[in-house]
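Colleague: I should like to go through this model with you, beginning with chain folds and ending with confidence. Please reason each answer through to the value or name requested.

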Amino acid sequence: MRRPRLLMCSPDFYGIHYEINPWMNRRREVEHAKAMDQWTRLHSIVRQCGADIELLAPVQGLPDLVFTANAGLVFGNRVIVSRFRHPQRQGEEPLDAAWFAENGLSVTRLPDDRYFEGAGDALFCGETLFAGYRTRSDVGTLQSVARMLGCRVIPMELVDPYYYHLDTCFCPLRPGLAVYYPAAFDEYGQKALREHVEQLLPVELEEARAFACNAVVIGTRVITNTGCPRLHAALAEHGYEPIATPLSEFVKAGGSAKCLTLRLDGEEAASWKTARAS
Amino acid sequence: MAARKEKSTEGMHQEVVEISGHIIDSLILPKILDCITAAGGHFRIEEISVGQQRSDPSFARVNVAARDAEQLQRILEVISDHGAVSVSTGDCRIVAADIAGAFPDDFYSTTNQRTEIRVNGHWLSVEDQEMDCGIAVDVSLQTARCVPMSDVVVGQQFIVGHRGVRVFPEERTSHAQSFEFMNSAVSTEKPKGVAIRAIARRLFENRQANQNTLVVGGPAIVHTGSVPHLSYLIHHGFVNKLFAGNALATHDIEHALYGTSLGVQLESGDLVEAGHEHHLRAINSIRRAGGIARAAATGLLKSGIMYDCVTRDVEFILAGSIRDDGPLPEVITDALEAQRRMRDAIRDVSFCLMIATTLHSVAVGNLLPASVDVVCVDINPSTVIKLSDRGSFQTVGVVTDVEPFLRALVEELKSIAEQADA
């Protein structure tokens, strides 16, 4: 079986330079050395989980480039590159596209009047693409993406500005099993999730705010920020091995473990990945 | 899923939106419908198609109604965030025809109402408005026109879907005042005198304004002895174009040559011996002469509706059918060619009088834009109803026998002319 492969970007130029979500506050500065240390620890845990890590070169003036999950949505050998809603992040798009192209992925660019923030807002669980809209990605683009990929999409409105990306409130573990923070969705979204994911592990407010849902899943290992003991207990009950690592400096910008990585060979819960391997 | 709500939305502000993609499983459609209701609006699902496979998208076109423009705007803003797109906002989608004589899939099917399309943010008027056509667009020339299916050429650009298309329903109040009385489509109960006076006034106004009147006529005009009345209208410039079939022309010529129609002596009402052969002999004579125009020129044909058309420069188009005898040389036997000729001829028509013909009336009704006033005169109410049912809503009907109608019409025209002279 192929080794898991993830894309990360060193936080050399990471910091709070603007405010585009409720977590960000320019007066709450990032402690740079601490951020670098936390990122390095995450990097080595991912390596220890048996994954290969590709590195995207950091660029000055693009502090959020570190959040590689938002670079695009990978589907097999194809990647749909993000179109960021905020101009502050739009400079990342050509760099992401260039990296994907150089690394052998078939790159799809969306028209420039669309908003789509990659694996930040679109996550496969089984054969279905679950997607968050309104705050960042727009629902019409999510429908277009599903048409391009020939899959079903379940777009869900993200109703709490603190959970502005789907990966801050929903994390598929394997087909039919996912972690979620219910209050980030309205009743339609919650009902759609219950309808289409057999088993959902809810997290509570306190752990949701610690980014419990923003987890990196590699096989049966689940890496999260610290401060999510209840989720970790639930994960253990379901046969997973939870790993906590401090990521407080990235929470300042509204990101955590998952945001700092992009799974290039397909998430564990994506059915297309196993279908392809077999 | 939310229940379908039906409520009268007459007089309310309305907008049609489209929602497509995975809108059923995700509950996006019910959510949008609930948003509309929660904001005080009403909705009507005009069309819905549900994807069969898990990966198939679904589609819904929904009419949204609100009590005022402000409320409607508010609702549209809310639902647009969930993917509801107003069909009137956004450019139309254009796809090139890949097969001659067929539209691309999902082509926009036209109505006979004035229509505009949005290309690169600008609204263009659609020319040659006609129902049941496609809209061909020339983006470089910024023009659009209705094109019938049979005339589609490979590579021609057609509108698909409903987005970027808006239709302006015809308002009868904008029409000539004398015509306003006819606001109910058809009735056997209507006082015919009033109707006939209004039609006479309309014919008179049309002639005054140098606008063209088209008569679509059936052979009953001849059978009922109304040839002199129609001739009066032609002689006095009230008819500019005539559409008919082989039958009207044949029996008119039979009458001109033998004094009979279908073998019946029109002056006495008597059956003439071997009279049933007259129409065939009439056709034969005209075919031998090389056509109606030639027969009129050589003096073979000296009177009648067709003679008047030829000598008074009234354009006539005779369209054939499979039951025709002969037919007369001027009859166009290719149905598509006849449609094309009629289509070209109606472009400058502003008033149309359909008299005692069902199939021809429906055919011409299909071609006419809703801006052309149509009066359909028939002894059979179902002819008029048939026209309205097929979308020619601008048709008003007068249910009456042809001869008394035309006689009264001529009398009214004479009296208008006298008043005008005085």
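Modeller: Helices, of at least four residues, and strands, of at least two, are DSSP runs numbered from the N terminus. The model is a predicted one.

Colleague: How many helices and strands does the secondary structure of chain A come to?

Modeller: Counting those runs, the secondary structure of chain A comprises nine helices and 15 strands.

Colleague: What percentage of the 278 residues in chain A is buried?

Modeller: A residue counts as buried if 20 or more other C-beta atoms lie within 10 Å of its own. Among the 278 residues of chain A, the buried share is 52%.

Colleague: Which element of chain A gives the largest share of the side that touches chain B?

Modeller: In the contact between the chains, 18 residues of chain A meet 14 residues of chain B. Two or more residues on the chain A side come from each of helix 4 (139-149), strand 8 (153-157) and helix 5 (187-196) of chain A. That side divides into nine nonpolar, four polar and five charged residues. The largest share, five residues, belongs to helix 4 of chain A.

Colleague: Which strands are the edge strands of the open sheet with the order 6-7-8 in chain A?

Modeller: This open sheet has three strands in the order 6-7-8 (chain A), and its pairing is mixed. An edge strand here pairs on one side only, which is the case for strand 6 (122-125) and strand 8 of chain A.

Colleague: Which residue is the bridge partner of A:Cys125 in strand 7 of chain A?

Modeller: Strand 6 and strand 7 (residues 128-133) of chain A run antiparallel and are joined by four bridges. In strand 7 of chain A, the partner of A:Cys125 is A:Thr128.

Colleague: At about what angle does helix 4 of chain A run to strand 8 of chain A?

Modeller: Helix 5 of chain A lies across strand 7 and strand 8 of chain A, at about 150° to strand 8. Helix 4 of chain A lies across strand 6, strand 7 and strand 8 of chain A, and its angle to strand 8 is about 165°.

Colleague: Where in chain B does pLDDT stay under 50?

Modeller: Chain B averages a pLDDT of 88, and 91% of the residues score at least 70. Where pLDDT is low, the predicted coordinates should not be read in detail. Beyond four places in sequence, the model has eleven contacts for one such stretch of chain B, residues 171-178. It has 13 such contacts for another stretch of chain B under 50, residues 180-185.

Definitions and conventions. Residues numbered from 1 in each chain as written. Chains lettered and ligands numbered in written order. Predicted model: local features only at pLDDT ≥ 70, side-chain atom pairs only at ≥ 80, totals over all residues. Buried ≥ 20, exposed ≤ 12 C-beta atoms within 10 Å, placed from the backbone. Contact = placed C-beta atoms within 7 Å. Nonpolar A, V, L, I, M, F, W, Y, C, P; charged D, E, K, R; others polar. Pairing = 2+ DSSP bridges. Axes fitted to C-alpha atoms, helices over the stretch in contact; angles between N-to-C directions. pLDDT = per-residue confidence, 0-100.
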